[in-house]
Amino acid sequence: FNGESFDDHARPTVGSARTIGIVTDRTPFYATMGGQEHDTGRLSTTGARAGAFVVEDVQAFGGFVLHIGHVASGELRVGDSVHMQVDQIRRARTASNHTATHLANFGLRAALGPGVDQKGSLVSDARMRFDFSHGQPVSPAELGRVEDVVRKAISQDLRVYAEPAPLASAKQITGLRAVFGEVYPDPVRVVSIGQPVADLISGPANPAWGELSVEFCGGTHVTSTAIIEQFAIVSEEAVAKGV
């Protein structure tokens, strides 16, 4: 996609890198959504034309995933089979920050009470931001409590489970956290830290699940909390209601 229409081939542009978008029938790349930023990486083909494409951005439009970037060498044509390589270092850092976001959500509920509601988030390879509603400023002691909860979970080396489940059943899980007003698919992907999703679904009313981080989420996550290694809250900002 050249920004206006679809071409049947793409080559490097002389003098500057021309930005285009490539659609494939399936992809391992994560497109920006749900607060998580996109993957980066490369696409490549073999043979006489041997094309190389640098993926700088990934966005979803109308059910299609658009890999946005530029052709570095060779040529890519419609119908080519491509090798798709995600930047695993960026992916790993982003996954670590996304799991830390879930733990921060859990820590805020532990420190401030069940009335805390998520309003948004930002997850990148460099940092995480968690937006939530609370009727008063968060004290330094409360922020310290959130950090303690997250750091304890990291030290416990808890396994992170991510599995699809029937939406109606998943909604019944005690302690489930979901974004108010968000429309979720059926089945929905459940991310549970410390307990298999199958256990949650088989006994959703178990009060013990209220002591876990359980959320609906389609993003990338680490397989164990120990991979996060460290967590710190570096700033907290209050936004006036209605802004």
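1. Among contacts in the protein chain between residues at least 6 apart in sequence, 69% link residues that are at least 24 apart. The model is a predicted one, and this figure, like the others below, should be read with that in mind. Buried residues account for 40% of the 243 residues in the protein chain, whose C-alpha atoms fill a box of roughly 60 × 40 × 35 Å along the principal axes. The secondary structure of the protein chain comprises four helices and twelve strands.

2. The open sheet contains five strands in the order β2-β5-β4-β3-β7, and the pairing is antiparallel. Its edges are formed by β2 (20–23) and β7 (83–86), each of which has a single partner strand, so that one side of each is left without a neighbour in the sheet. From one strand to the next, the twist averages 40 degrees. At the β2 edge, four bridges join β2 to strand β5 (residues 64–73), the two running antiparallel, and within this part of the model Gly21 stands opposite Ile68 in β5.

3. Helix α1 (residues 88–112) has a length that can be checked against its residue count: at 1.5 Å a residue its 25 residues should span 36 Å, and the end C-alpha atoms are 35 Å apart, which agrees. At the start of α1, a side-chain oxygen of Asp87 comes to within 3.1 Å of the backbone nitrogen of Ile89. At the other end, α1 is followed by Gly113, which has a positive phi, near 105 degrees. As for its surroundings, 19 of the 25 residues of α1 are buried, so the helix is largely enclosed by the rest of the structure.

4. Thr101, which lies in helix α1, gives a residue-level view of that enclosure. Its relative accessibility is 3%, and Thr101 therefore counts as buried, the threshold for this class being under 20% relative accessible area. A polar atom of the Thr101 side chain lies 2.8 Å from the backbone oxygen of Asn97. When residues up to four places away in sequence are not counted, Thr101 touches Ser121, Val123, Met128 and Phe130.

5. Helix α2 (residues 140–155) has 16 residues and reaches 22 Å from its first C-alpha to its last, close to the 22 Å expected at 1.5 Å a residue. The buried residues of α2 are Leu143, Val146, Glu147, Val149, Val150, Ala153 and Ile154. Seen down the axis of α2, these buried residues fall within an arc of 155 degrees, so they line one face of the helix. The buried residues of α2 pack against α1, whereas on the other side of α2 the residues Pro140, Ala141, Lys152 and Ser155 are exposed. A reader checking backbone torsions may wish to look just after α2, where Asp157 takes a positive phi of about 50 degrees.

6. Strand β11 (residues 188–193) is paired with both β10 and β12. Six bridges join strand β10 (residues 160–165) to β11, and these two strands run antiparallel; here Ala162 stands opposite Val191 in β11. Four bridges join β11 to β12, which also run antiparallel, and across this pairing Val190 stands opposite Phe216 in β12. Five of the six residues of β11 are buried, so the strand is largely enclosed by the rest of the structure.

7. A last point concerns Gly218, which is found in the segment after β12 (213–216). At 54% relative accessibility, Gly218 counts as exposed, because the class begins over 50%. The C-alpha atoms of Gly218 and Val190 are separated by 8.1 Å, although the two residues are 28 residues apart along the chain. Not counting residues up to four places away in sequence, Gly218 touches Tyr30 and Arg189.

Note on methods: Residues are numbered from 1 along each chain as its sequence is written. This is a predicted model: local features need pLDDT of at least 70, side-chain atom pairs count only at pLDDT 80 or more; totals for chains, interfaces and linings use all residues. Side-chain values use heavy atoms; hydrogens and water are left out. The expected span of a helix is 1.5 Å times one less than its number of residues. Buried means under 20% relative accessible area, exposed over 50%, partly exposed in between (1.4 Å probe, protein chains only). A polar contact is a pair of N or O atoms within 3.5 Å; within protein, one must be able to donate a hydrogen and the other to accept it, and residues adjacent in sequence count only if both atoms are side-chain atoms. Two strands pair if DSSP finds at least two bridges between them. Axes are lines fitted to C-alpha atoms, for helices over the stretch in contact, and angles run from 0 to 180 degrees between N-to-C directions. The arc is that of the directions from the helix axis to the C-beta atoms. Contact means heavy atoms within 4.5 Å.
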